[in-house]
Amino acid sequence: MASVLNVLLPGRDKLSFVEAFNQWLARGTALPTALPGYMHAVSEFFRWPDGPLPAAALIRQSVAGDAGTALWVCADPAWVQPELSGARLLGCGNLAVSPADATSMVDALSNTFAEEGMSLLVGDPQHWQLKVPNYVQVPTFPEPEEALGADLFEQLPKGEHGRRWRALLNEAQVVLHNHPANAQRAYNSLPPINSVWLWGAGTLPEWVECGQALIHSDDLLIWALGHKAGVEVQPRSALVGARSRAIPAGGGASHAELLDLQDVQPSEFARDWWPFLEARLESGSELRLAFADGRRIMLKKTHRLRFWRKAKV
């Protein structure tokens, strides 16, 4: 059997300007459409015990090794933009926070959360974790992908149960708004870190399974899932030298890999990644593309013979 390369991609329309890619897509085989969203695509390649993905505990274990049996919540540094009628979440995680700034900000927030019996810790400068007593009931917060760009008030937990968490976020926003690191960030044309976003609550699962032999990703959560599943994970940069050449299809053995390009910019995809993917096709690999909009398409080298299928303009 040929090797299979599963690829997580942005929405198909975002990459529609790449003409050669569109031609291949027109000749490919459409697979059943899935629910839109990055996390839905991730769940097609990883399995864990029933329930929402405990992202915080997995990340904590991956970066610090001390998740234990504690209850963890992602408290990622965030950028909130005030508006006349409310506010919107414009950024969460991966906001170019330096290690020194991450430590300083978390230290400034420590009392806010300690008063509720919680501990805020830096796992990675871009991703912080909140250790919560196991007896505390954590409401459901939307994943960053769902919350970005939306009205902040609509995303926060409602009612009496959510009051405590809304108050915590408000206090955290006051502390971070006044933090001196944001003046330097403004000078460097970086967005402010003026909030945290809570999501991915849970305890470390007993197991995670993954059917991939190798994973290429720059996403910390994918790394955490791969570590728990015992699968080798490499940064996408590990493929730099392979982008311009074909990769052997693995002989007669079945071999599956996962390439996470969900956050790739269109220009980078056109310049670097489509030539790499096309080389894999030419070498005999089967590509299974998972678009963020839910569309799924399979490409094989033999599909080039479907010349009567034309790309949509």
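This briefing covers the aromatic pairs, nonpolar cores, two helices and a few single residues of the structure above. The model is predicted. The largest nonpolar core has 68 residues, and a second, separate core has 23. The count of aromatic pairs is six.

**Aromatic pairs**

- A pair of aromatic rings is described by the distance of the centres and the angle of the planes.
- The count here comes to six pairs. The rings of Phe21 and Trp274 have centres 5.1 Å apart and planes at 55 degrees, so this pair is tilted.
- That pair links distant parts of the chain, with Phe21 in helix 1 (residues 19–27) and Trp274 in helix 10 (residues 266–282). The two residues are 253 residues apart.
- Phe21 is buried at 0% relative accessibility. Trp274 is buried too, at 4%.
- Phe141 and Trp197 form an edge-to-face pair, at 6.1 Å centre to centre and 85 degrees between the planes.
- This pair also joins distant parts of the chain, 56 residues apart. Phe141 lies in the loop between strand 7 (127–132) and helix 5 (144–147), and Trp197 lies in strand 8 (residues 195–202).
- Phe141 has 7% relative accessibility and counts as buried. Trp197 has 1% and is likewise buried.
- One aromatic cluster is formed by Phe21, Phe269, Trp274 and Phe291.
- A charge also meets a ring: the charged end of Lys158 sits over the ring of Phe153, 5.6 Å from the ring centre.

**Nonpolar cores**

- In soluble globular proteins, nonpolar side chains tend to be buried together.
- Within the 68-residue core, the residues with the most contacts are Phe46, Leu130, Trp165 and Val196.
- Strand 4 (residues 71–83) gives the most to this core, with seven residues.
- Beyond its neighbours within four places in sequence, Phe46 contacts Val208, Glu209, Cys210, Ile215, Ile222, Leu225, Gly226 and Leu258.
- The second core, separate from the largest one, has 23 residues, including Leu261, Trp273, Trp274 and Leu281.
- Trp274 therefore appears in this second core and in the tilted pair with Phe21.

**Helix 4**

- Helix 4 (residues 99–114) has 16 residues. At 1.5 Å a residue it should span 22 Å, and its end C-alpha atoms are 22 Å apart, which agrees.
- The helix bends by about 35 degrees at Ala108.
- Its buried residues are Ala102, Met105, Val106, Leu109, Thr112 and Phe113.
- An α-helix has 3.6 residues a turn, so residues three or four places apart point the same way.
- The buried residues of helix 4 pack against strand 6 (119–124), strand 7, helix 7 (159–177), helix 8 (181–187) and strand 8.

**Helix 7**

- Helix 7 has 19 residues. From first C-alpha to last it reaches 26 Å, close to the 27 Å expected at 1.5 Å a residue.
- Gly162, Trp165, Leu168, Leu169, Ala172 and Leu176 are buried in this helix.
- Trp165 is also one of the residues with the most contacts inside the largest core.
- The cover over the buried residues of helix 7 includes helix 4, strand 7, helix 8 and strand 8.

**Contacts across the sequence**

- Ala87 belongs to strand 5 (residues 86–92). Its relative accessibility is 14%, so Ala87 counts as buried.
- Ala87 and Leu152 are 65 residues apart in sequence, yet their C-alpha atoms are 5.5 Å apart.
- Leaving out residues up to four places away in sequence, Ala87 touches Val80, Gln81, Pro82, Ala150, Asp151 and Leu152.
- Pro133 is in the loop between strand 7 and helix 5. It is buried, with a relative accessible area of 16%.
- Pro133 and Ala70 are 63 residues apart along the chain, with 7.2 Å between their C-alpha atoms.
- Residues up to four places away aside, Pro133 touches Leu71, Gly117 and Met118.

**Positive phi outside glycine**

- Asn94 has a positive phi, near 55 degrees, and is not a glycine. Asn94 lies in the loop between strand 5 and helix 4.
- Asn94 is exposed, with a relative accessible area of 57%.
- Ala96 also has a positive phi, about 55 degrees, although it is not a glycine. Ala96 sits in the loop between strand 5 and helix 4.
- Ala96 is partly exposed, at 47% relative accessibility.

Technical notes. Residues numbered from 1 in each chain as written. Predicted model: local features only at pLDDT ≥ 70, side-chain atom pairs only at ≥ 80, totals over all residues. Heavy atoms only, no water. Phe/Tyr/Trp six-rings, centres within 6.5 Å; stacked < 30°, edge-to-face > 60°. Helix = DSSP H or I, 4+ residues; strand = E, 2+ residues; numbered from the N terminus. Buried < 20%, exposed > 50% of the residue type's maximum accessible area, 1.4 Å probe, protein only. Lys NZ or Arg CZ within 6 Å of the ring centre and 35° of its normal. Core = buried A, V, L, I, M, F, W, Y, C linked by side-chain atoms within 4.5 Å. Contact = heavy atoms within 4.5 Å. Expected span 1.5 Å × (residues − 1). Bend = angle between axes of the 7 residues up to and from the residue.
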